[in-house]
Amino acid sequence: MGKPTGFLEYARTDGPVRSEDVRVQDFREFHDRLSLKEQQKQAARCMDCGIPFCQGGVMISGMASGCPLHNLVPEVNDLVYRGRMEQAYLRLSVTHSFPEFTSRVCPALCEAACTCGLHDAPVATKENEKAVIEYAYANGLVQAGTPPVRTGKKIAVVGSGPSGLAAADLLNRRGHKVTVYERKDRIGGLLRYGIPNMKLDKSLIDRRVKLMEEAGVRFVVNADIGKDIPASDLIDSYDSVILACGASQPRDLAVPGRDADGIFFAVDFLGTVTKRLLDCEFREYPTDLVKDKDVLVIGGGDTGNDCVGTSIRLGARSVTQLEMMPQPPSGRLPSNPWPEWPRILKVDYGQEEAIWKFGEDPRVYQTTVKEFLKDEEGKLCGAVLVSLRPERNEKTGRMAMVSVEGTEREVPAQLVLIAAGFLGSQQYVRDSFEVEADGRTNVKTEAGRHLTSRKGVYTAGDMHRGQSLVVWAIAEGRSVAREVDWDLMGYSNL
């Protein structure tokens, strides 16, 4: 696949990126693309490695290695190298529903498992994927996919995130009549209101949704099933219902002063920023939320990083990001060999921008909040931080991070954003559909299945597997679509 000697002839080159001083002035995407000629060179680096770990999508040591969608990575790279972009799009479409999303927000599990990356920089598969899908859109290759025949079956999808959209897209193409319900005012779920615009331009969601509408998918917004609309209405009106509502129950912090005015969950904050930007068509930035404030972000993951980048764009005076765990090593340890996911230190765009603006990495490791401080009016004015150290629990044998006495210190903070992850699906949705939950409050199913404890009701995405990646959500959506189709029709060609 690719040019046999390409990995020896060409160094990895990524697309140009706008500098920090320029990109923090707006909310536009800042990753540009290489020319098609240069992208072909990057695709030429794909080795004839024999075993494409990149498309494996298997779990190793509790972490995914390779693409969960099982994209035919070497074949797509080979077609890009040869300039056969239409064929590359057709090949990618065999396994992938929305390359325009993952090519922007996926951490590239495929690249982490790339054989070329064992001794050199991995193949730029993510940017190759973006080049393919954007070429396809620019040249009219991405079609609505209107089915020639309808089956007469009706399916409701609750939730319009990546899993719900993937399921709806495939089931509609199969010929079923699909209606997607979304509790927010716009379609997209966390793609819309959980990921900032500079990371995923919302016009890309609108572009895909428009095609799905043209193909016959019906979208209903401002419809909170279980509150605005009884679950029984869907069960009585549809042949099958798919719950794809996400793991939207955020993890909170139970510390003194939590009731202070100025503490928000990260996704609520990011969603508010995006909604206000969309409502005014980006003419005004909601600087009143952040300007001249000392921002404390609690959580070191992707969402925490997005909070850092967003806060800088809105005029934060300072930004500090707390991470409970120790700082990762700069390279793989012997206990973390390839092709496992590399547990190494990474500097994402938000941290890059903080380093540029404030002169240092905003992350403080092995630290958490012991208490929030508030003024006489109940407004947040600071926080007491405490250092942590790993300690093994004698009863369970597990390692846990425990506070170190005497390390408390106060820091100023007028805005706190809690990005500590999610606990699972929301109870009112589960209760309204009368489906069982597992020990992690995800909707319970048999292993490898999507059917819930209630006949005709299925689940997929984060609501099924817990908080995860967009690529996993799309894989779940495609999988549940096949299971629903099989149960309705007795066979499936999805």
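How many nonpolar, polar and charged residues does the lining of the largest cavity have? In this predicted model, that lining has eleven nonpolar, six polar and two charged residues. Some context for this count follows.

Rolling a probe the size of a water molecule over the atoms shows where empty space is left. Applied here, the search gives three cavities of 30 Å³ or more. The largest cavity holds about 190 Å³ of space. It is lined by 19 residues, and those closest to its centre are C67, N71, C110, T125 and E129. Three elements give two or more residues to the lining of this largest cavity, namely helix 4 (73-81), helix 7 (109-112) and helix 8 (125-138). Of these, helix 8 provides the largest share, with four residues.

The second largest cavity offers a useful companion case. Its space comes to about 90 Å³, and 14 residues line it. Closest to the centre of the second largest cavity are C46, C49, C54, C114 and T115. Here the largest share of the lining, three residues, comes from helix 4, an element that also gives two or more residues to the lining of the largest cavity. By class, the lining of the second largest cavity has eleven nonpolar and three polar residues, with no charged residues. For readers setting the two linings side by side, the largest cavity has two charged residues in its lining, whereas the second largest has none; the nonpolar count is eleven for the largest cavity and eleven for the second largest.

Methods: Residues are numbered from 1 along each chain as its sequence is written. This is a predicted model: local features need pLDDT of at least 70, side-chain atom pairs count only at pLDDT 80 or more; totals for chains, interfaces and linings use all residues. Side-chain values use heavy atoms; hydrogens and water are left out. On a 1 Å grid over the protein atoms alone, a cavity is a set of points where a 1.4 Å probe fits but cannot get out, and a pocket is an open set with protein on both sides within 12 Å along at least five of seven lines; lining residues have an atom within 4 Å of a point. Grid points are joined across faces, edges and corners, and a volume is the space filled by probe spheres set on the points. Ala, Val, Leu, Ile, Met, Phe, Trp, Tyr, Cys and Pro count as nonpolar, Asp, Glu, Lys and Arg as charged, and the others, Gly among them, as polar.
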